[in-house]
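This report examines a complex through its model confidence, its interfaces and its charged pairs. The sequence and structure are shown below.

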Amino acid sequence: MCLGIPGEIVEILSDRPDLAKVDVSGVRRAINIGLLEGEPLAPGDWVLIHVGFALSKIDEAEARSALDFLESIGQAYEDEIAALRDSVIEQG
Amino acid sequence: MRFVDEYRDAGMARALAARIAGLCEPGRAYKFMEVCGGHTHTIYKHGLEDYLPEGISLVHGPGCPVCVIPMGRVDDAIAIAAQPGVIMATFGDMMRVPGGNGSFLDAMARGADVRMVYSPLDALKIARDNPDKRVVFLAIGFETTAPSTAMTIMRAASEGIANFSVFCNHVTIIPAIKAILDSPGLRLDGFIGPGHVSTVIGCRPYEFIPGEYGKPIVVAGFEPLDVLQAVHRNLLQLAEGRAEVENEYGRVVPWNGNPKALAVINEVMELRPHFEWRGLGFISDSALCLRERYAEFDAERIFQVPGARVADPKACQCGEVLKGVLKPWECKVFGTACTPETPIGTCMVSSEGACAAYYNFGRFSRDRVKEATRT
Ligand code: SF4
C-alpha cells in the first residue's frame, strides 16, 4: 500500500474536478486528484496513485520504470491491481 | 548471481557495484538501514545484498505499516467489528494480521462483517450504500496514506455521512527513525530514505539525521539501481566526511513534499501524545488521531474499545526484525511455525514485511532458509 501505482490520465471529469479517469495497466478507474491541487493535469499525464488518490505527478519514463518494477514484484502488484479493479470509488 | 542476469540494467548495476566496492575502506563494516518496506522488497527480490561487497550490510527498518501495528490495536479493531450493525472496511494486508485473539479472518468466521477495500473512498461508498449500518474504516499507514484518509473524512463531513467513522492508526515516520537512532545496540552508518513517504513529507524532515546524529540519508526510488545508487551516495558522503540529506528520487520526490497533502493531514488530524509500535514500544508524538472538530467520525470516541496492551507471542521476534537487530531467518519460527499462510508475527503478513519478502522469493526458499539457519 506504500507503493504507488502509476496511472495515465484519460479524462478529467468536468462535473467533478477532484476526480480523473485513469488507465492503470489496462484497468480504467476514477481516482481522486484533490491532493494535486495547483498542479495542472491533462489527459496523457502520469500520476502515482496511492489507495485511490494521486499523490504526485511523474513523467512517462518514470511511470514506465515504476510499472516495470511493480510487474517484477508479482503477486503483491497483482493483488493491488485486483483491489483497484474492484474499487468502487465514486465514478463520476 | 540471479540479479545480474535478470535485471535489464545489469551493466549499469555492475558498474555501480564496482564503484561501491571501491569506496569501502578495507576491513570496515558498514550498515545502512532501508527504512521502507518497499526497499526491503526490492533488495530481496533482486538479491541485492549478495551483490554488494561483504563489508556492507543492509538492515531493514520499521517502514512497513502493517508490521508496526501492535497486537492490542488489532484486538481493538476486531472488538469494533464485532459490535452489532458494524461493517469494518480495511486494506487486504490487514486481514491476516494476528491479534491477541485471532485475526480479522477469524472474526469473520465468528460472524463479523469485514470488507476488503482498496481505498478509504470505497469504505465511504459502503457507508453511503448502507445507511442503516455503521461503517468503520480501519486506517493504517504512514504519511503516504494519511492524506487519503483525511480527504475521505473531509468528504464524509461535507456530505454529512453520519454512519461513517475511522479507526485511525496512522503513524509518522520521523519519530520511528529517531527511536531507532536512539536505541542502543544498533550502529548504523547511514540511511536509505523512504521513497513514497517522502513525496508527502519532502526531504526537510530528515535534516536532523545529519544535523543531530551526523549520519547521511539518501532518499531513493524502488528500482534496484535506485537502491544501489543510494548505497553509493551514502558511501561517498562517508568517504568525503560529509553528512547530508540527498534526494536520489528527485524525479518523484519534491524537496518540500506535497503541501496540499500535508495541509489536509493537519486539517483533520493531530499528533497523539504516545502510540505503541510493535517492536519499538511506545514512541511519543509518533502517530495521528482525529482532531476534536472531526470527533463524530472518530471510531475511538464512538465505540468502546478495550485499549489493552497485548504482549507479542513469545516466539515472535518481529520487534528485533523491525529494529534491524535480527535478520528474518534468524527468528526461530521463521519458515516453520511462521509462514505467510499461518503468520505468527506481522512481518510475515504484508508483502512489505521483511519476513514475507525473504520467504516469498525463490532464492530464500524453505530449503535455502534451513541451510542458512543450520550454519
Ligand atoms: S518469522 Fe514470524 S514471528 Fe519471526 S520475526 Fe518474522 S514475522 Fe515475526
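In this predicted model, residues 1-5 of chain B keep a pLDDT under 50 throughout, and the model has 12 contacts beyond four places in sequence for them. Residues 364-369 of chain B likewise stay under 50, with 10 contacts beyond four places in sequence. Where pLDDT is low, the predicted coordinates should not be read in detail. Chain B nevertheless averages a pLDDT of 88, and 94% of its residues score at least 70.

For chain A, the mean pLDDT is 83, with 87% of the residues at 70 or more. Among the elements of chain A, H2(A) has the lowest confidence, a mean of 73, whereas S4(A) has the highest, at 93. For the complex, the predictor reports an ipTM of 0.87 and a pTM of 0.89.

**Two interfaces**

The model can be described at two levels: between the domains of chain A, and between the chains. Chain A is divided into domain 1, residues 5-58, and domain 2, residues 59-92. The table sets out the values for each interface.

| Interface | Residues in contact | Buried area | Carbon and sulfur share | Salt bridges | Polar contacts (residue pairs, both at pLDDT 80 or more) |
|---|---|---|---|---|---|
| Domain 1 and domain 2 of chain A | 14 from domain 1, 20 from domain 2 | about 1600 Å² | 70% | zero | zero |
| Chain A and chain B | 36 from chain A, 39 from chain B | about 3300 Å² | 63% | three | eight |

**Between the domains of chain A**

The area buried between domain 1 and domain 2 of chain A is about 1600 Å². On the side of domain 1, Ile5(A), Arg29(A) and Trp46(A) lose the most area to domain 2, together accounting for 36% of what that side buries. Neither a salt bridge nor a residue pair in polar contact, with both residues at pLDDT 80 or more, is found between these two domains.

Strands S1 (5-12), S2 (19-24) and S3 (27-32) of chain A each contribute at least two residues to the side of domain 1 that touches domain 2. S3(A) provides the largest share of that side, with three residues. By class, the side of domain 1 comprises nine nonpolar, two polar and three charged residues.

**Between the chains**

Chain A contributes 36 residues to the contact with chain B, and chain B contributes 39. The buried area is about 3300 Å², of which carbon and sulfur atoms give 63%.

Which residues of the two chains are joined by a salt bridge with closest N and O atoms 2.9 Å apart? The partners are Lys260(B) and Glu37(A). In total, three salt bridges are counted between chain A and chain B, and eight residue pairs are in polar contact with both residues at pLDDT 80 or more.

On the side of chain A that touches chain B, strands S4 (46-50) and S5 (53-58) and helices H1 (60-73) and H2 (75-86) each supply at least two residues. H1(A) gives the most, seven residues. The residues of this side divide into 20 nonpolar, nine polar and seven charged.

**A charged pair within helix H1**

Helix H1 of chain A also holds both Glu60(A) and Arg64(A), which lie four residues apart, about one turn of the helix. Their side chains meet in a salt bridge with an N to O distance of 3.0 Å. Side chains of opposite charge can pair when their charged atoms come close. Over all chains, the structure holds 28 salt bridges.

Terms used: Residues numbered from 1 in each chain as written. Chains lettered and ligands numbered in written order. Heavy atoms only, no water. Domains from an automatic or database assignment. Contact = heavy atoms within 4.5 Å. Buried area = accessible area lost by both parts, 1.4 Å probe. Salt bridge = Lys/Arg side-chain N within 4 Å of Asp/Glu carboxyl O. Polar contact = N/O pair within 3.5 Å; in protein donor to acceptor, adjacent residues only side chain to side chain. Nonpolar A, V, L, I, M, F, W, Y, C, P; charged D, E, K, R; others polar. pLDDT = per-residue confidence, 0-100.
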